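Work through the exercises below with the model open. Each one gives a task and then a solution in steps.

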Amino acid sequence: MITYKNEKDIEYMRRSGKIAALILKKVSDAVKPGITTKELNNIAEKLIEENNVRAAFKHYDNFPAALCTSINDVVVHGVPNKTILKEGDIVGLDFGVVYEGWYSDTAVTVPVGEISPEARRIIKVTKKALRLGIKKAKPGSTTGDIGNTIQRYVEDEGFSIVKELVGHGIGKDLHEDPYVPNFGKRRGGIELKSGMVVAIEPMIVAGNPELKLAKDKFGYVSKNNFLTAHFEHTVAITENGPEILTKI
């Protein structure tokens with residue numbers, strides 16, 4: 001069942017989203033060769049405490065950390081650990097908070113030092129795919145319009161869309177209806193209406209998009225060890241068009 005948010009609800013979600021965005025920016029700025037993913041999670045945990053909010057992911061479906069850290073061929077949900085980031089890696093950072101009961105959810109993929117042209121390109125394409133998908137997040141469009149736009153752009157650029165994992169509604173719960181796939185047909189899926197809030201999150205692979213569960217039992221890895229990338233924003237559907245809630 002889709003829950004519609006009023007202006008007061010969306011104001012709470014704006015605050016939640018802004019806090020998440022500020023924390024994620026600070027964590028992203030800390031990424032460098034030699035740091036561990038656990039150290040990045042520790043930074044996030046400290047900032048959560050300082051901002052008097054709650055981690056959206058910690059203990060959700062038993063996830064053990066506040067931050068998802070997904071390196072190279074791990075597309076999402078990697079668990080922070082003692083792995084040291086090295087020059088040339090790329091790392092997906094997925095993060096959210098709960099402010100006054102309202103969730104936010106956002107993600108970026110960032111370079112670790114100097115990276116390859118292919119790595120730069122997959123980051124650029126995934127980031128643009130998110131931007132194009134968000135443009136479709138307006139009343140009268142559908143979830144299929146968002147997915148179709150993302151899929152066509154990504155595949156035209158020579159990359160593959162992950163179909164096993166999708167975006168989602170968000171509000172008082174982290175995952176609400178409707179699903180927001182990164183693929184689909186124009187006019188397909190659920191019609192978008194003012195008051196809906198969705199997390200749009202393209203996940204792409206530089207090759208066959210099949211995934212497998214990582215050794216940590218949380219992360220999803222490219223079955224053929226291809227490079228992956230992930231970007232995400234929480235977006236309110238309004239009469240004036242899409243409003244990104246997870247921006248600084």
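**Exercise 1.** Locate D145 in this predicted model and decide whether D145 is buried or exposed.

Solution. Start with the secondary structure: D145 is found in helix α4, which covers residues 143-156. Next take the accessibility. The relative value for D145 is 8%. Buried means under 20%, so D145 counts as buried.

**Exercise 2.** Find which residues D145 contacts, apart from its neighbours within four places in sequence, and state how D145 and R187 interact.

Solution. With those neighbours set aside, D145 is in contact with K136, K185, R186, R187 and G188. Now look at R187. The side chains of D145 and R187 are joined by a polar contact of 2.7 Å, and the pair also meets in a salt bridge at 2.7 Å, N to O. This salt bridge links distant parts of the chain: R187 lies in the loop between β10 and β11 (197-200), D145 lies in helix α4, and 42 residues separate them. To finish, compare the two ends. R187 has a relative accessible area of 55% and is therefore exposed, whereas D145, at 8%, is buried.

**Exercise 3.** Determine how many salt bridges the whole structure holds, then describe the one between K5 and E176.

Solution. A search of the whole structure gives 12 salt bridges. In one of them the side chains of K5 and E176 meet at 2.8 Å, N to O. K5 sits in the segment before α1 and E176 in strand β10 (residues 176-180), 171 residues apart. The accessibility step comes last: K5, at 8%, counts as buried, and E176, at 12%, is buried as well.

**Exercise 4.** Describe the salt bridge between R14 and E243 and name the network to which these residues belong.

Solution. The R14 and E243 side chains meet in a salt bridge of 2.6 Å, N to O. R14 belongs to helix α1 and E243 to strand β17 (residues 241-244); the two are 229 residues apart in the chain. For the accessibility, use the range between 20% and 50% that defines partly exposed. R14 has 23% and is therefore partly exposed; E243, at 22%, counts as partly exposed too. The network of salt bridges links E7, E11, R14, R15 and E243.

**Exercise 5.** Give the strand order of the open sheet that contains β5, and find the helix that packs on this sheet.

Solution. Three strands form the sheet, in the order β1-β5-β6, with antiparallel pairing. The edge strands, each paired on one side only, are β1 (54-55) and β6 (102-103). Strand β5 (residues 97-99) is joined to β6 by 2 bridges. Across this pairing, Y99 stands opposite W102 in β6. Helix α1 (residues 7-29) packs on the sheet and touches β5 and β6. The direction of α1 makes about 140° with that of β5.

**Exercise 6.** Check the length of helix α3 (residues 117-135) against its expected span, and list its buried residues.

Solution. Helix α3 has 19 residues, so at 1.5 Å a residue it should span 27 Å. The end C-alpha atoms of α3 are 27 Å apart, which agrees with that expected span. Turning to burial, the buried residues in α3 are A119, I122, I123, V125, T126, A129, L130, G133 and I134.

Methods: Residues numbered from 1 in each chain as written. Predicted model: local features only at pLDDT ≥ 70, side-chain atom pairs only at ≥ 80, totals over all residues. Heavy atoms only, no water. Pairing = 2+ DSSP bridges. Helix = DSSP H or I, 4+ residues; strand = E, 2+ residues; numbered from the N terminus. Contact = heavy atoms within 4.5 Å. Axes fitted to C-alpha atoms, helices over the stretch in contact; angles between N-to-C directions. Expected span 1.5 Å × (residues − 1). Buried < 20%, exposed > 50% of the residue type's maximum accessible area, 1.4 Å probe, protein only. Salt bridge = Lys/Arg side-chain N within 4 Å of Asp/Glu carboxyl O. Polar contact = N/O pair within 3.5 Å; in protein donor to acceptor, adjacent residues only side chain to side chain.
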